[in-house]
Structure formats: C-alpha cells, structure tokens
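Me: Hey, could you walk me through this structure? I'm new to this, so plain words please.
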Amino acid sequence: VNDPASVQSLQKNFARISLVCPQWLTVTENGELESTVDSSVVDWAAGKGVLLMPILANKNFLPAVAHSVLGDKKIQSNLVESVIELSRANHFFGIQFDFENIPEKDRDHYSELIHFASKRFRREHLKLSVAVVPPLAPPPSVSPLAPPPTSGWVTNPLSAGFDYHRLS
C-alpha cells in the first residue's frame with residue numbers, strides 16, 4: 001500500500017477485503033526495526049474497520065540479516081517488543097513474519113523466535129502469521145511452456161530454513 005494506486009484500489013475495494021498485509025516492516029542485521037507505516041492508511045483503515053496485519057521481513061530477504069537476528073536472543077526480544085509497541089500504537093490486528101532465505105543452520109532458531117513471538121503476541125491479543133515457501137518444487141522444466149509435471153517434484157532448496165511442524 002505504499003503506492004498511491006494501491007491505496008486507491010484498497011479504498012475502492014475494501015468491502016471485499018478481510019485483511020490487508022502491507023509490506024511496512026523490516027529488520028536490519030543489527031536488529032533495528034525499520035518502518036514505513038503510512039499513518040493515513042492506518043487512520044483510514046480504522047475508520048472503515050479494515051484489519052491491518054503488516055509484514056515483517058528480514059531486510060532485502062538477505063540470509064546474513066536472518067542469521068544475525070536469529071543468532072541473538074537479545075535482538076529477537078527487542079525486535080518482538082518493538083513490533084508489539086508499534087502494533088499497539090497503530091491498532092494492528094497482528095503481524096506476519098516473512099523471513100526468507102533463512103540459512104538451514106538457523107532453522108531451529110527461527111522456530112524458537114516464532115514460538116517466543118507467539119507467546120508474547122497472545123498476551124497482547126495480537127495474531128501471528130508466518131509466511132513460508134512450499135516444501136516441494138517442480139523439477140526443472142525443459143521448457144517454460146511445458147505443462148506442469150505430475151511427478152518428479154523435488155525438495156525446494158529454499159525450504160531448508162523452515163521446520164513446518166514446529167512453526168505450525
């Protein structure tokens with residue numbers, strides 16, 4: 001919703017939308033929460049009863065950012081508290097974590113972060129959502145115009161950082 005055309009579309013179609021997840025939040029390698037929250041959208045959404053659940057991503061989806069944040073409990077704690085404070089101030093419905101390119105060695109750390117955040121969010125009556133990549137991917141296609149394969153699916157290399165069972 002950081003684009004005027006997107007805001008216009010939201011305002012025109014809000015009656016058919018149950019939840020808006022704007023890409024407003026990123027965390028940097030040193031754990032700083034960066035926000036591009038648009039207060040005019042927040043105010044408008046509140047007036048119309050539209051629920052906002054911003055996305056929190058590792059900056060530029062860089063593996064080094066994910067590794068740095070996931071390897072430091074103090075950064076994680078500060079991040080979760082900052083997100084809660086921002087959520088309270090803006091009356092967010094919740095937050096969607098969208099960390100991508102998580103190194104496989106940080107898989108357990110990501111599950112622990114989500115577990116910690118979920119406990120804190122529950123106390124604050126905030127919802128938590130976690131975006132994940134699919135665990136399987138189609139085999140490399142001979143041609144982009146080829147029909148989807150019916151077999152031969154392989155483990156998605158981008159899924160190594162997600163423990164789906166623990167995240168659920």
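Me: Let's start with Ile95. What does Ile95 stand opposite in β7?
Reply: Ile95 stands opposite Leu128 there. Keep in mind that this is a predicted model.
Me: OK, and in which sense do β6 and β7 pair?
Reply: Parallel, over four bridges, with β6 covering residues 94–97.
Me: What's the strand order in the sheet they belong to?
Reply: The order is β3-β2-β5-β6-β7, so to speak from one end of the list to the other. That's five strands in an open sheet, and the pairing is mixed.
Me: Which strands stand at the edges?
Reply: β3 (33–35) and β7 (127–130) do. Each has a single partner strand, so one side of each has no neighbour in the sheet.
Me: And how much are neighbouring strands turned against each other?
Reply: By 25° on average, ignoring direction.
Me: Which helix packs on that sheet?
Reply: Helix α5, residues 107–123. α5 touches β6 and β7, and its direction makes about 160° with that of β7.
Me: Switching topic: how much space is in the largest pocket?
Reply: About 190 Å³. The pocket is lined by 13 residues, and the closest to its centre are Ile114, His115, Ser118, Arg122 and Leu128.
Me: Leu128 again! Which element gives the most to that lining?
Reply: α5, with six residues. The elements giving two or more are α5, β7 and α6 (164–167).
Me: What kinds of residues make up the lining?
Reply: Five are nonpolar, five polar and three charged.
Me: Last topic, α3 and α4. At what angle do their axes cross?
Reply: At roughly 95°, and the axes come within 6 Å. That angle makes α3 roughly perpendicular to α4. For reference, α3 is residues 63–70 and α4 is residues 73–90.
Me: Which residues meet there?
Reply: From α3, Ser68, Val69 and Leu70; from α4, Ile75, Gln76 and Leu79.
Me: How many of those are nonpolar, polar or charged?
Reply: Four are nonpolar and two are polar, with no charged residues in that contact.

Methods. Residues are numbered from 1 along each chain as its sequence is written. This is a predicted model: local features need pLDDT of at least 70, side-chain atom pairs count only at pLDDT 80 or more; totals for chains, interfaces and linings use all residues. Side-chain values use heavy atoms; hydrogens and water are left out. Two strands pair if DSSP finds at least two bridges between them. Axes are lines fitted to C-alpha atoms, for helices over the stretch in contact, and angles run from 0 to 180 degrees between N-to-C directions. Contact means heavy atoms within 4.5 Å. On a 1 Å grid over the protein atoms alone, a cavity is a set of points where a 1.4 Å probe fits but cannot get out, and a pocket is an open set with protein on both sides within 12 Å along at least five of seven lines; lining residues have an atom within 4 Å of a point. Grid points are joined across faces, edges and corners, and a volume is the space filled by probe spheres set on the points. Ala, Val, Leu, Ile, Met, Phe, Trp, Tyr, Cys and Pro count as nonpolar, Asp, Glu, Lys and Arg as charged, and the others, Gly among them, as polar. Angles under 35 degrees count as roughly parallel, over 145 as roughly antiparallel, 65 to 115 as roughly perpendicular and the rest as oblique.
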